[in-house]
Structures are given as structure tokens and as C-alpha cells.
Amino acid sequence: TAILQLIADGQLDGASLLVNGPAVAPALSQWDALAAQRPQLQLCLHLCLTEGRACAAPDTIPDLVNPQGHLHLSFGQWLLLSLLPPSHPRRQRVFRQLRLEVEAQLNRFHQLVGPGPISLDGHQHIHLVPAVHTTLMALAQQHQIIWMRSTAEPLPTGLPLQAWWQAIRSAGLLKWMVLQILNARAAKTQRHQGISSNNGFAGVLFTGQMAGEPLEACWQALCSRPIEAETAEFSRAQLLVHPGAPLNTSLVASGFAVSQPFAASPWRQREWQAIQQLVSTSE
């Protein structure tokens with residue numbers, strides 16, 4: 001609701017779609033109406049491998065799902081699987097299943113949105129985990145993956161010590177460091193395959209609490225970058241936010257128990273309001 005309203009008001013110019021999410025049909029219906037008037041809107045595939053109902057048949061990916069058919073491996077587990085030796089039996093087995101699920105989500109995106117090139121990011125930035133990124137690179141040409149999100153984020157300046165303490169306490173700084181390492185690895189492979197990305201990014205350090213001084217600092221860091229025309233290699237910089245209306249349903253039954261507290265947090269409304277104020281003030 002919040003994302004679609006911000007897009008309708010001209011305050012966002014892109015969003016990501018969870019093809020295994022519980023509200024795909026009504027969201028796409030409203031998106032299509034908005035995109036008919038603003039064809040420059042960008043809709044990305046939000047690849048999800050940590051929760052929600054699997055798109056591949058559950059019996060073909062037994063290591064990836066729980067008895068309810070919901071994806072259940074965490075970001076950390078995917079990262080550890082990526083570190084196993086290539087000849088390790090578990091790595092080989094899971095990699096085969098991973099390819100099935102990734103391809104099923106790519107196909108589902110095509111079914112929902114239509115044929116054509118795919119821009120892609122990841123739920124919990126899962127697309128940057130080596131096991132997942134390698135799989136995506138192997139499927140990129142077949143599925144016309146032409147863009148993938150970069151999380152190369154410069155540290156903002158001018159923040160009070162309290163904001164930095166919050167980033168450390170909420171593990172935002174640790175998450176930022178991990179993603180910088182993974183992103184550097186991924187970027188090299190993407191360039192080699194001709195897959196473009198965004199030229200600038202902000203939002204990981206204070207994920208989930210992008211309002212007030214952190215949001216202002218991230219916004220200013222992006223706005224202060226040299227203005228460069230979009231090229232075949234880079235698109236515009238991206239500011240990552242998660243605005244939302246108050247949650248009026250449980251996400252647990254649809255397999256998104258991990259995201260339930262995040263989606264139910266009053267920070268979703270704070271981010272919604274902060275984006276409205278930020279864009280209005282900047283204009």
C-alpha cells in the first residue's frame with residue numbers, strides 16, 4: 001500500500017516484486033495501472049531464498065524447504081554452503097536444487113510481468129551470496145538478466161555518535177561490511193558478463209530504520225555524487241527503503257515468519273512518512 005501510494009505520488013520510481021509473496025496479484029494489478037502512465041518505472045525481481053513458499057516443486061528441492069514447502073535456509077546458511085569445497089556432496093546436491101528454485105522464480109516473474117529483460121535484486125540481498133550469484137550468472141543469458149543491484153555503499157558523514165551506536169547495536173555495520181565484500185566479488189563477474197548495475201547505493205547501514213538523521217545522511221551522500229549520465233554499465237544511484245502501511249494480517253501462514261516482526265514494526269510507517277517529507281523537501 002505504501003509503496004504503491006509513493007509511486008502514484010511520484011516519490012518513488014521503482015520497486016521489487018516477491019513472486020512468492022502473499023499479495024502478488026493485487027499488487028501487480030495496481031502496478032500495471034501506474035506503469036501505464038509512467039512507463040519509466042522499474043520493477044525488479046526480488047529473488048527470495050530464505051522464506052516464503054517455494055516456486056519449484058517442493059519434492060525436487062528437499063534441502064531447501066521445510067515440511068510446509070516453505071524455503072527455510074537463512075542468509076548465513078547459504079553463505080556457509082558457498083564456502084564448502086566444490087566436490088563436497090552436500091554442496092553439489094544443494095546447488096542442483098538451488099538452480100531449480102532460482103529458475104522457477106525467474107520463470108514465475110516472466111509469467112507475471114511478461115517476456116523481456118529482467119532486473120534483479122534479492123530479499124536480504126541473497127543475490128550476492130556466492131552460491132546464489134554463481135547460479136544467477138549461469139542463467140543470466142537464458143533469462144535475459146541485464147541488471148543486478150549493487151550494494152557498494154559509502155559510509156555517510158556528519159552523523160551523530162548515537163546513530164553510529166545504533167548501527168553497531170543493530171548489526172547494521174556488520175551487515176554493511178559483509179555486503180561490501182560480497183558485492184566486490186559479484187561486481188567483477190557481472191562486468192565480465194555485461195550485466196549492468198546502479199552507480200551508487202545507500203540503505204544497508206540503517207536498514208529498517210531509514211528515517212531522521214540516517215535517512216538524511218544517506219540521501220545527501222547520494223545527492224552529492226557527481227551527476228553522470230546513465231550508461232550501458234550503470235544506472236542511477238538507489239536509495240533503499242521499506243515503507244509500509246500498518247500490517248493487518250499475519251505473514252506466518254504464508255511462510256514469512258522471519259519478516260513478520262520487520263513488516264509489523266511501526267518503523268514501516270515512519271519510513272513512509274520520512275520518504276514523503278524527504279522528497280517534498282528536496283523538490
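Reader: In what order do the four strands form the open sheet?
Author: This is a predicted model. The pairing in the sheet is parallel, and the sheet is open. Strand 1 (14–17) and strand 4 (145–148) are its edges, each pairing on one side only. The order is 1-2-3-4.

Reader: By how many degrees are neighbouring strands of this sheet turned against each other on average?
Author: The sheet in question is the open one made of four strands. Direction is ignored in this angle. The average turn between its neighbouring strands is 40°.

Reader: Over how many bridges do strand 1 and strand 2 pair?
Author: The two strands pair in the parallel sense. Ser16 stands opposite Cys44 in strand 2. The number of bridges between strand 1 and strand 2 is four.

Reader: Which residue in strand 3 is the bridge partner of Leu45?
Author: Strand 2 covers residues 42–47 and strand 3 covers residues 118–122. They pair in the parallel sense over three bridges. Leu47 stands opposite Gly122 in strand 3. For Leu45, the bridge partner is Leu120.

Reader: Which residue in strand 4 does Ser119 stand opposite?
Author: Strand 3 and strand 4 pair in the parallel sense. Three bridges join them. Opposite Ser119 stands Trp147.

Reader: How many of the six residues of strand 2 are buried?
Author: Buried means under 20% relative accessible area. Strand 2 is mostly covered. Its buried residues number five.

Reader: What is the handedness of the β-α-β unit made by strand 1, helix 2 and strand 2?
Author: Helix 2 spans residues 24–37 and joins the two strands in this unit. Strand 3, helix 5 (residues 130–143) and strand 4 make another β-α-β unit, a right-handed one. The unit with helix 2 is also right-handed.

Reader: At about what angle to strand 2 does helix 4 run?
Author: Helix 4 takes in residues 89–113. It lies across strand 1, strand 2, strand 3 and strand 4. Its angle to strand 2 is about 150°.

Reader: Where is Gln144 found?
Author: Phi of Gln144 is near 60°, a positive value in a residue other than glycine. Gln144 has a relative accessible area of 39%, so it counts as partly exposed. Its place is the loop between helix 5 and strand 4.

Reader: What is the relative accessible area of Ala171?
Author: Ala171 lies in the loop between helix 6 (161–169) and helix 7 (172–192). Phi of Ala171 is near 70°, a positive value in a residue other than glycine. Ala171 is partly exposed, because its relative accessible area is 36%.

Reader: What radius of gyration does the chain have?
Author: The chain has 10 helices and eight strands. Along its principal axes the C-alpha trace spans about 55 × 40 × 40 Å. A compact globule of 283 residues would have a radius of gyration near 19 Å, and the chain agrees with that. Its value is 18 Å.

Reader: What share of the contacts with a separation of 6 or more comes from residues 24 or more positions apart?
Author: Contact here means heavy atoms within 4.5 Å. The count runs over contacts in the chain with a separation of 6 or more. Residues 24 or more positions apart account for 76%.

Reader: How much of the accessible surface belongs to carbon and sulfur atoms?
Author: Of the 283 residues, 48% count as buried. The accessible surface of the chain comes to about 14100 Å². The part belonging to carbon and sulfur atoms is 57%.

Methods: Residues numbered from 1 in each chain as written. Predicted model: local features only at pLDDT ≥ 70, side-chain atom pairs only at ≥ 80, totals over all residues. Heavy atoms only, no water. Pairing = 2+ DSSP bridges. Axes fitted to C-alpha atoms, helices over the stretch in contact; angles between N-to-C directions. Rg over C-alpha atoms; globule rule 2.2 N^0.38 Å. Buried < 20%, exposed > 50% of the residue type's maximum accessible area, 1.4 Å probe, protein only. Areas by Shrake-Rupley, 256 points an atom, 1.4 Å probe, with all protein chains shown as cover. Right-handed = clockwise from strand over helix to strand, strands pointing away.
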